[in-house]
Amino acid sequence: MHKSILYITLQDEEEGVDTGDGWDEWSGKALIKPPDQLELTEAELKEETTRILTANNPHAPQNIVRYSFKERSYKPTSVVDQMAVHFVLEGSLLHQDSDEARRLRAKEGPCSFFSTQSDYDLIFLMCPETAAIDTGTEPDEEKPETPVKICFDELKSEKEPKVSNQFNFSERASQTLNNPLRERSCQTEPPPRSNFSDTANQWEIYDAYVEELQQQEKNKEKQKAAASKNDNDKSKKKTVLMETQNDDISKVGKASKIFERMVNQNTFDDIAQDFKYFEDASDEFRDQEGTLLPLWKFQYDKAKRLSVTALCWNKKYQDLFAVGMGSYDFSKQGRGMLVYYSLKNSAFPEFIYPTDSGVLCLDIHEQHSYLVVVGFYDGCVAVYNLKEEGLEPLYKSTAKTGKHTDPVWQVRWQNDDMDNNHNFYSVSSDGRVVSWTLVKNELVFTDIIRLSLDGAVSDGPEGAEQPACGTSFDFHKQIDYLFLVGTEEGKIHKCSKTYSSQFLETYDAHSMAVDAVKWNHFHPKVFISCSSDWTVKIWDHAINTPMFTFDLNAAVGDVAWSPYSSTVFAAVTTDGTVHVFDLNINKYEAICQQPVVAKKKTKLTHIEFNPIYPILIVGDDRGYVSSFKLSPNLRKKPKCKKGQEQPKGPEVEIAKMEKLLSLLREPEQSTV
């Protein structure tokens, strides 16, 4: 659709001259011209002009400074207003069909002719300068060159009401006063000084030390006197408590414990029946292979996140065993726990002793079954007495009393000394094998051997040679002074208590750390060792090479000899499998390989045989202890001829092991 354009010029009413270009310079009236005379202007409008606009204003000042009331000086400002205003149009537009537009058209005076020109779509109001540009003629030089602004509102009548502003703006500003700066200063008097001088020689220094020692002894005597008073007071209180506790409450407490055991035995009656009477009849068809029957499972809710780091049966009460709780993840060390369980009550422990550091090893005294020694991750050793009330140990080593500087990996009770004092031994990663003696109220230590990496015992001061890390040890069952020490380097040293300047023998046993080394219960020359290099080896201590080597295809956590046979032993691996061997039946493979964990990621850590009953207990890294009964094939005795009695005694077991060793020894060694 073609649209027409109306161009209008303004002319004065009094007089004017038509210049021929649509503008009367005298009258100032607007002359209407058709669009065919303005083809040049329309062509110019169609021309394209390229301009590049940037966000920065080239005329914006860069050196504006403002006064800072805080610093009381003029500071340059980096923020400059880059906005430049090129065009501003103020006006009010109304829709032509609206009622308000009709009312304005009715009130229009001199410009009423615009409403009749419906043929024109656009209306341009041009001053003489714009008219000159369109027509190509120059305006009169006497006229001013400033453009004439003609608004549509000026053409309206003076009586037309002013359109009210649709927006109201208000601006408020305030300024707070800056607090005046104040300075405060003060000056103190120097402290008084006094000159002191004296001469000191060796005798005066010696006398001063003697006086100090005497004063310390007096303080110790005072502390002992106070401690004796406290002990007397405690004994009196205990007697009073014992007298008051001999009432119905104490009787109910003992009866409730017995009742709890009865309830648990009734609840797990099927397990108790299996423990006492069940014998797997299918062993007759298994061709000398055996199985493990699961029995009770022991757990304590507060020890779920701890690993089982030690197991030990009580020699006097065969249903009672101790469990050490800690962690083998040395980046997550924390608390530990010593727990006692009984086969009569698997639901809850008999004794609970929480510890500040993780427990790594423990041992129960054979004669005094209420004494248990514990080794901790922080290097301390402690002795607990089950008869004493409270959760604190009876004895505990400190830095002053010679505690280890590294984790304690093994502890073992030994026979009492000449003064009938209890003593035990410990081995640690700091390379020390230490003897501890329980003297009155303190632990007295004696270093037996310091291990070193070059294979010799370090006689010099501590730190002169790089120590070897001891990981396990065990004492001979018949020879009291002889013991074995396993190291982190994979070597096993045969040592003596009375000859500590040199090793009696060194065995290159494993390629990784020796996790356990144990003498045979019957044969005096045989011991067994296991390591994380997947192997279990059986040794004759007179020969440097192993007699038997078994590869279990996983890291071996622990190994244990059976108490009823010299040729039976069991081992646990990190893949959750229990391996039981009987060398008298099969010298090459295990007669029982049974996974005993529900989850594949669970690792078995320790294993122990019961000294009397045909059961064993296994601990894992989730804090669970599981008990299993050995099937008849795993504890089978050799067959005898008709009419002969079954031979019994340790001599039979020694002869059984000696027969196996004689097949492996060289002829010269067997004759010797």
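## A guided tour from lysine 440

Begin by selecting lysine 440, which sits in the loop between strand 16 (432-439) and strand 17 (442-450). The model on screen is predicted. Lysine 440 is not a glycine, yet its phi is positive, at about 55 degrees. With 74% relative accessibility, lysine 440 counts as exposed, because the cut-off for that class is over 50%.

**The positive patch.** Keep lysine 440 selected and add Lys220, Lys224 and Lys400; these four residues gather in a surface patch of positive charge. Within this group, turn to lysine 400, in the loop between strand 13 (395-396) and strand 14 (408-414). Its relative accessibility is 82%, so lysine 400 is classed as exposed.

**A second positive phi.** Next, select asparagine 553, located in the loop that runs between strand 25 (548-551) and strand 26 (556-561). Here too the residue is not glycine and phi is positive, near 65 degrees. Asparagine 553 has a relative accessible area of 56% and is therefore exposed.

**A salt bridge between strands.** From that loop, move to aspartate 558 and display lysine 518 with it: their side chains meet in a salt bridge, at 3.7 Å from N to O. The two partners come from distant parts of the chain, with aspartate 558 in strand 26 and lysine 518 in strand 22 (residues 514-519), 40 residues apart. Are these partners buried or exposed? Aspartate 558 is buried, since its relative accessible area is 5% and the limit for a buried residue is under 20%. Lysine 518 also counts as buried, at 14% relative accessibility.

**A salt-bridge network.** Now select Asp430, Arg432, Asp447 and Arg450, which are joined into one network by salt bridges that share partners. In total, the structure holds 12 salt bridges.

**Lysine 477 and aspartate 474.** Another of these pairs is formed by lysine 477 and aspartate 474, whose closest N and O atoms are 4.0 Å apart. How does the burial of each partner read? Lysine 477 is partly exposed, with a relative accessible area of 40%, whereas aspartate 474 is buried, at 3%.

**Lysine 75 and glutamate 71.** Proceed to lysine 75 and show glutamate 71 beside it. The salt bridge between them has its closest N and O atoms 3.0 Å apart. Lysine 75 has a relative accessible area of 36%, which places it in the partly exposed class.

**The nonpolar patch.** For the last local selection, take Val65, Tyr67, Phe69 and Tyr74. These residues form a nonpolar patch on the surface, and together they have about 450 Å² of accessible area. Valine 65 belongs to strand 2 (residues 65-68). Its relative accessibility is 49%, so valine 65 counts as partly exposed, given that exposed residues must be over 50%.

**The whole chain.** Finally, clear the selection and view the chain in full, with its 9 helices and 32 strands. Of its 672 residues, 37% are buried. Among contacts between residues at least 6 apart in sequence, 48% join residues at least 24 apart. The accessible surface of the chain comes to about 44,700 Å², and carbon and sulfur atoms account for 51% of it.

Terms used:
Residues numbered from 1 in each chain as written. Predicted model: local features only at pLDDT ≥ 70, side-chain atom pairs only at ≥ 80, totals over all residues. Heavy atoms only, no water. Helix = DSSP H or I, 4+ residues; strand = E, 2+ residues; numbered from the N terminus. Buried < 20%, exposed > 50% of the residue type's maximum accessible area, 1.4 Å probe, protein only. Contact = heavy atoms within 4.5 Å. Areas by Shrake-Rupley, 256 points an atom, 1.4 Å probe, with all protein chains shown as cover. Patch = residues over 30% accessible without salt bridge, like charges linked within 9 Å, V, L, I, M, F, W, Y side chains within 5 Å. Lys, Arg positive; Asp, Glu negative; His and termini not counted. Charge placed at Lys NZ, Arg CZ, Asp CG, Glu CD.
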